[in-house]
Amino acid sequence: MKTTRFLLAALAALSALLASAAVSSADALQNLQQGNSRFTSGQATHPNQTADRRAEVVKGQAPFATVLTCSDSRVAPELLFDQGIGDIFVVRVAGNVSDTDEVGSMEYGVGHLHTPLLVVMGHTGCGAVGAVLEGADVHGSIPALVDNIAPAVEKARAVASGATLFATAVKLNIWQSIDDLFRQSAEVRGLVHDGKLQVVGAVYDLASGSVNWLGTHPEQARLLAYTSGEAHGAAGGHGAAAEHETGATAHVPTAEAGHATGAAEGGHAATAELEPRNLRWILGTLITLLAVMAACWAFARSGMKRWKVPQRLAAGFTMILLVLL
């Protein structure tokens, strides 16, 4: 009986390992898209919100996506993507900007929790973007927060006006946030360069509840050419508007330079930062395999004695398949 329980526990551990490793960025994106479709059609299933789910995630979390979005009370990622407890790692800040605190949080999601997908999502009618567009007299620490949005608003004014200006600013602010993320995070650049992570933009429509997916940054090759902390490290936190604007105009290498530098620098960053994680995965896999093999050996000497030859062969092939996986 003890041997059987040990075998089942080992197989469960292996299954969990294989399931987590099998989640791709495409799978994660599809989960979010399908969840949003259920939400907008009024057919939300509210998954993973039971007492059993709470108990399941007490020992640890394994979300399949990281989402940076606005703090707006009308934008609740778990609801609009119809997800539950422990499904998505959410970072929320007014204007969905990427500064030190937000970048560190996203690095935790993609680097420590290993989510293969990172979504930077703005929304229609964003108050933070609107305040910068209107030149509103904001107070307290808000000016240091919304200065990250200023470059996007300037670009929007250069290409749009009238009724389309606000929507254009919201979209360009998403690209600016992704730009800032890549500029500050060598870890994100390394993961993207190695194909371990996909970073996409999205816009949530407050009226319809639907998410418009923008895809990857149109200049991602240029973003991969950044060096860690470029034009930002000395300031830390939310810098002054003038400093941020200077950084926004300074980082414009050519596409060719982006490909060349990104390949060299991104590779070094990925090697330096991914090795510890890979080592943990390798050790965990080896330990799990050894446990399964030991359990199979013990069970073969006890419980399988009562089995007929075809049953033994079937069990043997099943175990071999698990070990190969």
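**Entry 1: strands 1 and 2**

I began with strand 1 and strand 2, which pair in the parallel sense over five bridges. Here two strands count as paired if DSSP finds at least two bridges between them. Strands (E, at least two residues) and helices (H or I, at least four) are DSSP runs, numbered from the N terminus. One residue pair I looked up was Thr-69, which stands opposite Arg-92 in strand 2. Helix 5 (residues 100-112) packs on the sheet here and touches strand 1, strand 2 and strand 3. The direction of helix 5 makes about 175° with that of strand 2. For such angles, axes are lines fitted to C-alpha atoms, for helices over the stretch in contact, and the values run from 0 to 180 degrees between N-to-C directions.

A note to self on where this comes from: the model is predicted, local features need pLDDT of at least 70, side-chain atom pairs count only at pLDDT 80 or more, and totals for chains, interfaces and linings use all residues. Residues are numbered from 1 along each chain as its sequence is written, and side-chain values use heavy atoms, with hydrogens and water left out.

**Entry 2: the whole sheet**

In what order do the five strands sit in the open sheet? I read the order as 2-1-3-4-5, with mixed pairing. Strand 2 (88-92) and strand 5 (211-215) are the edge strands, and each pairs on one side only. From one strand to the next, the twist averages 25°.

Next I followed strand 3 (residues 117-123) to its two partners. Strand 1 (residues 65-69) runs parallel to strand 3 and is joined to it by four bridges. Thr-66 stands opposite Leu-118 in that pairing, and Thr-69 has Met-121 as its bridge partner in strand 3. On the other pairing I looked up, seven bridges join strand 3 to strand 4 (residues 198-204), again parallel. There, Val-119 has Val-200 as its bridge partner.

I also checked helix 9 (residues 165-184), which lies across strand 1, strand 3, strand 4 and strand 5 and runs at about 155° to strand 4.

**Entry 3: how covered are the strands?**

I used "buried" for under 20% relative accessible area, "exposed" for over 50% and "partly exposed" for in between (1.4 Å probe, protein chains only). Why is strand 3 largely enclosed by the rest of the structure? Seven of its seven residues are buried, so strand 3 is largely enclosed. Both faces are covered: Leu-117, Val-119, Met-121 and His-123 are buried on one side, and Leu-118, Val-120 and Gly-122 on the other.

Strand 1 is mostly covered too, with five of its five residues buried. Ala-65, Val-67 and Thr-69 point one way, while Thr-66 and Leu-68 point the other way.

**Entry 4: Leu-118 close up**

I picked Leu-118, in strand 3, for a closer look. Its relative accessible area is 0%. Leaving aside neighbours within four places in sequence, Leu-118 is in contact (heavy atoms within 4.5 Å) with Thr-66, Met-106, Val-110, Leu-181, Leu-197, Gln-198, Val-199 and Val-200. Met-106 is 12 residues away from Leu-118 in sequence, and the two are 8.0 Å apart in space, C-alpha to C-alpha.

**Entry 5: the cores**

A nonpolar core here is a set of buried Ala, Val, Leu, Ile, Met, Phe, Trp, Tyr and Cys residues joined through side-chain atoms within 4.5 Å. Which of the 40 residues in the largest nonpolar core touch the most other members? I found Leu-118, Ile-149, Ile-178, Phe-182, Val-188, Leu-197 and Val-199. Helix 9 gives the most to this core, with eight residues. A second, separate core has 17 residues, including Leu-32, Phe-64, Ile-88 and Tyr-204.

I then looked up Phe-182: beyond neighbours within four places in sequence, its contacts are Val-188, Arg-189, Val-192, Val-199, Gln-220, Leu-223, Leu-224 and Tyr-226.

**Entry 6: helix 6**

Helix 6 (residues 127-134) is mostly covered, with six of its eight residues buried. Those buried are Ala-128, Val-129, Gly-130, Ala-131, Val-132 and Leu-133. Their cover includes helix 7 (142-146), helix 8 (150-159) and helix 9. Just after helix 6, Gly-135 takes a positive phi of about 65°.

**Entry 7: overall tally**

I closed with totals: the protein has 14 helices and five strands, and buried residues make up 42% of its 325 residues. Among contacts between residues at least 6 apart in sequence, 76% join residues at least 24 apart.
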